[in-house]
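The following exercises concern a predicted model. Each task is followed by a solution in steps.

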Amino acid sequence: MRQFTVKVPATSANIGPGFDVVGLSLSLHLILKVSVPPANEQAFVAPAITYSGEGADEVPLDAYKNLTTRVALYVLRCNGVRSFPSGLKLHAHNEIPFGRGLGSSGAAVIAGVILGNELGQFNLSKERLLDFALMVERHPDNVTAALIGGFVGSYLRELDEADTLAASVPLSEVLPEYPPDAGEDWGLNPPPPPSGIGHYVRFGWSEPIKAIAIIPRFELSTAKAREVLPSMYTRKDLVFNLQRLAVLTTALAQNPPDPDLIYEAMKDRIHQPYRKTLIPGLPEVTSCITPTTHPGLLGICLSGAGPTILALATTNFEKIAEDARQIFRIKGIEVDWKVLTIAGGSQVE
């Protein structure tokens, strides 16, 4: 029996002005415990999945419907292995809330990519693993941070015509739905990813900085949060964000961190102003909780598409979180909060 564990961190994308550009890995995890029995000549036994923690009552336990195992099968088939090992057993324990802007789907995708690589023993590089992830999750910020860890900037490379076509195939072709009558040849030849779709760099991070995740008790889909964004922006707003992002990526690595510098550098005009209608309390939290009113605070922003709000701070964590809770409560929304550290990247043990 071969056994291994895959551990993938939660992530927060965007981080103030870094819309679709930067991501941050956080100390909540999706953990897969995997058992692979020795190969034998007996009849194929379908994978058995169990699940605990966040979302345990929502996640499909059929390997051909579960996102993580469907991604793993995609990696296997693109590398010449047509099926899961017979008798595969997988237990997932999830600490990452669903639909809250903490990268739950990105973690599931990265877990699947790594699972496929380990089951097939392909020894793929991190760059190649990222290619597979980007065929499923088309925005690089969450999946890159989940794979690499830390504070990460990423972009999608401009591809030539053939690779652009290959990278743009519908998700339904990459991860086909398996109907009840699907045979063993269903979806056998998925489109492999081009090489080098995404590129990234890991920024420095000042060790005293922790992240307070203020998590409203409702879900917000990324698709819905993207629908409210405009198709065009003014030059003034784009320059506003570019200036702050250029400062922020260095400021968060300085020790001691400068709250005046960071608070202003975490402001945004690209996505937060448009999403405030979806998250009652967001404008009040981001404007009323400041380094002046709450010493120790460095900056505050929407986490990913929301509704979680991320406050970066060095001290005074409980005061910052509880005052945010009171603001949300006035709006009729209850929240949970967690003080998180910056996590390392995905691991296999």
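**Exercise 1.** Determine whether strand β8 (residues 297-302) is enclosed or open to the surroundings.

*Solution.* A residue counts as buried when its relative accessible area is under 20%. Six of the six residues of β8 meet this criterion, so the strand is largely enclosed by the rest of the structure.

**Exercise 2.** Identify the strand joined to β8 by five bridges, and describe the connection between the two.

*Solution.* Step 1: the partner is strand β9 (residues 309-313), and the two strands run antiparallel. Step 2: one residue pair can be named, since Ile300 has Ala311 of β9 as its bridge partner. Step 3: β8 and β9 form a hairpin, with six residues between them. In the turn, Gly304 has a positive phi of about 60°.

**Exercise 3.** Place β8 and β9 in their sheet, and state which strands lie at the edges.

*Solution.* Step 1: strands of a sheet pair through backbone hydrogen bonds, either parallel or antiparallel. Step 2: here the sheet is open, has four strands in the order β8-β9-β7-β10, and its pairing is antiparallel. Step 3: β8 and β10 (335-340) are the edge strands, as each pairs on one side only. Step 4: on average, neighbouring strands are turned by 20° against each other, direction ignored. Step 5: β9 also pairs with strand β7 (residues 210-216), in the antiparallel sense and over five bridges. In this pairing, Lys210 stands opposite Ala313 of β9.

**Exercise 4.** Describe the packing of helix α3 (residues 126-136) against helix α4 (residues 140-148).

*Solution.* Step 1: two packed helices are described by the angle between their axes and the distance between the axes. Step 2: for α3 and α4 the angle is about 145° and the axes are 10 Å apart. Step 3: their crossing is right-handed. Step 4: α3 contributes Lys126, Leu129, Leu130, Ala133 and Leu134 to the contact, while α4 contributes Pro140, Val143, Thr144, Leu147 and Ile148. Step 5: sorted by class, the contact has eight nonpolar, one polar and one charged residues.

**Exercise 5.** Establish where Glu177 is found, and whether this residue is buried or exposed.

*Solution.* Step 1: Glu177 is found in the loop between α6 (171-174) and β6 (198-203). Step 2: the relative accessibility of Glu177 is 55%, so the residue counts as exposed. Step 3: leaving aside residues up to four places away in sequence, Glu177 touches Arg70 and Trp186. Step 4: Tyr64 is 113 residues from Glu177 in sequence, yet their C-alpha atoms are 7.6 Å apart.

Conventions:
Residues are numbered from 1 along each chain as its sequence is written. This is a predicted model: local features need pLDDT of at least 70, side-chain atom pairs count only at pLDDT 80 or more; totals for chains, interfaces and linings use all residues. Side-chain values use heavy atoms; hydrogens and water are left out. Axes are lines fitted to C-alpha atoms, for helices over the stretch in contact, and angles run from 0 to 180 degrees between N-to-C directions. A crossing is left-handed if the near helix is turned anticlockwise from the far one by less than a right angle, and right-handed if clockwise. Contact means heavy atoms within 4.5 Å. Ala, Val, Leu, Ile, Met, Phe, Trp, Tyr, Cys and Pro count as nonpolar, Asp, Glu, Lys and Arg as charged, and the others, Gly among them, as polar. Buried means under 20% relative accessible area, exposed over 50%, partly exposed in between (1.4 Å probe, protein chains only). Two strands pair if DSSP finds at least two bridges between them.
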